[in-house]
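Subject: Handover of a structure, with notes on cavities, a pocket, a sheet and helix packing

Dear colleague,

I am passing on the structure below, and after it you will find my notes. Please read them with the coordinates open beside you.

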Amino acid sequence: MDADVIIVGAGPTGLMLAAELRLAGVRPLVLERQPQRRETPKAGGLGGQILELLRYRGLLERFEAACTDPAPAPRFPFGGVHLDFTQLADPPMHALPLPQQLLERLLDERAGELDVDIRRGHAVTGVSQDAAAVTVDVRGPDGPYQVIAHYLVGCDGARSRVRDWAGIGFPGTTYPEVNRLAQVTLPDTVTVLGSGGLDVPGFGAIRAGFTRTDHGLFGIGASPDSQVVSLYTIEDETTEYDDDTPMTVTELQDSLHRVLGVHLPVAEAIRLSRFTFKARQAERYRHGRILLAGDAAHLFPATGVALNAGMLDAVNLAWKLAADLHGHAPAGLLDTYHDERHLAGARTMLHTRAQVALRRGHDAAAEALRQVFQELLADEQPLRRMGALVAGTDICYPMPGPNHHALAGTFAPDLTLHTDQGVTSVADLLHPARPILLDLADRPELREIARDWGQRVDIHTAKTDQRPADALLIRPDAHIAWAVPIDESADSATPALRQALSGWFGTPLR
């Protein structure tokens, strides 16, 4: 075999997957058709659950240090209204302003530190598989060649050829609209108002946020303390754009003119990006030895969620592929990738399609719906619920078997842990991306059971101020595979733990 896993595409999902596989002791090969990292502006940052996962890998501080812009206030657009968390001491969602070009550079550096083989300028031209391997035809700078691996993962975007070669359907909807986003400076002829709006010659005052006209939607985000203004337009349009063709200032100004009916001058463009909205999800994320992740598996009709979902796909998949390749995966483990991440994708699709319904209505009834929805979000409980939905923190994966603890399937809380070696945390323990049995109640009978899996599962004993369970079995992707209720008897806890360890991490070693 030329590699354990071939990854097609060196975007954020592919690079995250490669790094996670290396942490798990697997040899990935990344094939990217573009000869250099893309400089075309796309996503403007990360948000939601992936930020916590990066912290659990010890990477978040590095990503934060790379940001040139301050983290925005926790206020996020949602289908023409806003989720405003600024009055909450502990917002359910955060964002990190990190342009995709910079994000890819950081992930590329991380992959380099882990000695990942990345081949840029190597286009995949064909894929075939049998019961033992995947064979990939590649066109590189020196001509065509073949590589063979145990598995292939298509991280090659919305127009995934890997998905097509695997014969996986991609049903859904393409919405007839084009969105254009820009960060610009404005000339002196345009006044930034103290409220965050603009005074545009020939149009007058435009309030901050979204303004609907007869020809589309205009959005503005401005601050009197900054020279940089964010502009946003949405127009109904059926034009197909190539993602690799950058938007120009002329294209932006033409769109602004169509939507506002007047010319809005721009002094300097700092960021220009264009995107269309599709609601599509692959029928399955696996076909034999070929799997899909990121935009190849799902497209959502709203901004700010695709990177979160794609990179979380990668983290979920990596440890399961590694277990299979190391020969200790229990039956069906790799199939849980589809089960869990297809569920998560459908949950994300739910709220992004709801955003479509909120934002695309143009009549008085649609405006009334947006107003009622915004009023509901003035109450803390629905606001928190919507925040968790958008962030992806409300995902609870289905666990096999009956009578699960309420924490099973959820993302592990970052408990502060007091050990004989000092103070640590769940996040610190997960830096190596290995499974953990965390004994929080000094239960030696549970630790004794786990020792049969000692080469695969790290065992830690600790105390915590607010103990949610006597013990937690935490997967490498930071989701809880099993938990024992406080003071549950050994007679019931030990067989349940043994079953959970076998079900997720294979047969015992002794």
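How many bridges join strand 13 to strand 14, and in which direction do the two strands run? Before the answer, please keep in mind that this is a predicted model. Strand 13, which covers residues 198-200, is joined to strand 14 by three bridges, and the two strands run antiparallel. One residue pair can be named here, since L198 has I206 in strand 14 as its bridge partner. Both strands belong to an open sheet of three strands, in which the order is 12-13-14 and the pairing is antiparallel. Strand 12 (191-192) and strand 14 (204-206) form the edges of this sheet, each of them pairing on one side only.

I then turned to enclosed space. Rolling a probe the size of a water molecule over the atoms shows where empty space is left. The count comes to four cavities of 30 Å³ or more, and the largest of them holds about 220 Å³ of space. Its lining is made up of 20 residues, and those that lie nearest the centre of this largest cavity are Q49, L312, R341, G392 and Y397. Helix 2 (49-56), helix 7 (306-325) and helix 8 (335-360) are the elements that give two or more residues to this lining, with helix 7 supplying the largest share, namely five residues. By class, the lining of the largest cavity divides into 10 nonpolar, eight polar and two charged residues.

The helices named around the largest cavity also pack against one another. Two packed helices are described by the angle between their axes and the distance between the axes. For helix 7 and helix 8 the angle is about 155° and the axes are 10 Å apart, which makes helix 7 roughly antiparallel to helix 8; the crossing in which helix 7 passes helix 8 is right-handed. For helix 2 and helix 7 the axes come within 9 Å and cross at roughly 40°, so that helix 2 is oblique to helix 7, and the crossing of these two helices is left-handed.

The second largest cavity holds about 60 Å³ of space, and its lining consists of L15, M16, A19, E20, L23, R57, L59, L107 and R110. At least two residues of this lining come from each of helix 1 (12-23) and helix 4 (100-113), and helix 1 gives the most, with five residues. In the lining of the second largest cavity there are six nonpolar and three charged residues, but no polar ones.

Finally, there is an open pocket to report. The second largest pocket contains about 530 Å³ of space, and of the 23 residues that line it, P400, P402, H404, W482 and Q499 are the closest to its centre. Strand 27 (480-484) and helix 13 (490-505) each supply at least two residues of the lining of this pocket, and helix 13 gives the most, with six residues. The classes in the lining of the second largest pocket are 13 nonpolar, nine polar and one charged.

With best regards

Definitions and conventions. Residues are numbered from 1 along each chain as its sequence is written. This is a predicted model: local features need pLDDT of at least 70, side-chain atom pairs count only at pLDDT 80 or more; totals for chains, interfaces and linings use all residues. Side-chain values use heavy atoms; hydrogens and water are left out. On a 1 Å grid over the protein atoms alone, a cavity is a set of points where a 1.4 Å probe fits but cannot get out, and a pocket is an open set with protein on both sides within 12 Å along at least five of seven lines; lining residues have an atom within 4 Å of a point. Grid points are joined across faces, edges and corners, and a volume is the space filled by probe spheres set on the points. Helices (H or I, at least four residues) and strands (E, at least two) are DSSP runs, numbered from the N terminus. Ala, Val, Leu, Ile, Met, Phe, Trp, Tyr, Cys and Pro count as nonpolar, Asp, Glu, Lys and Arg as charged, and the others, Gly among them, as polar. Two strands pair if DSSP finds at least two bridges between them. Axes are lines fitted to C-alpha atoms, for helices over the stretch in contact, and angles run from 0 to 180 degrees between N-to-C directions. Angles under 35 degrees count as roughly parallel, over 145 as roughly antiparallel, 65 to 115 as roughly perpendicular and the rest as oblique. A crossing is left-handed if the near helix is turned anticlockwise from the far one by less than a right angle, and right-handed if clockwise.
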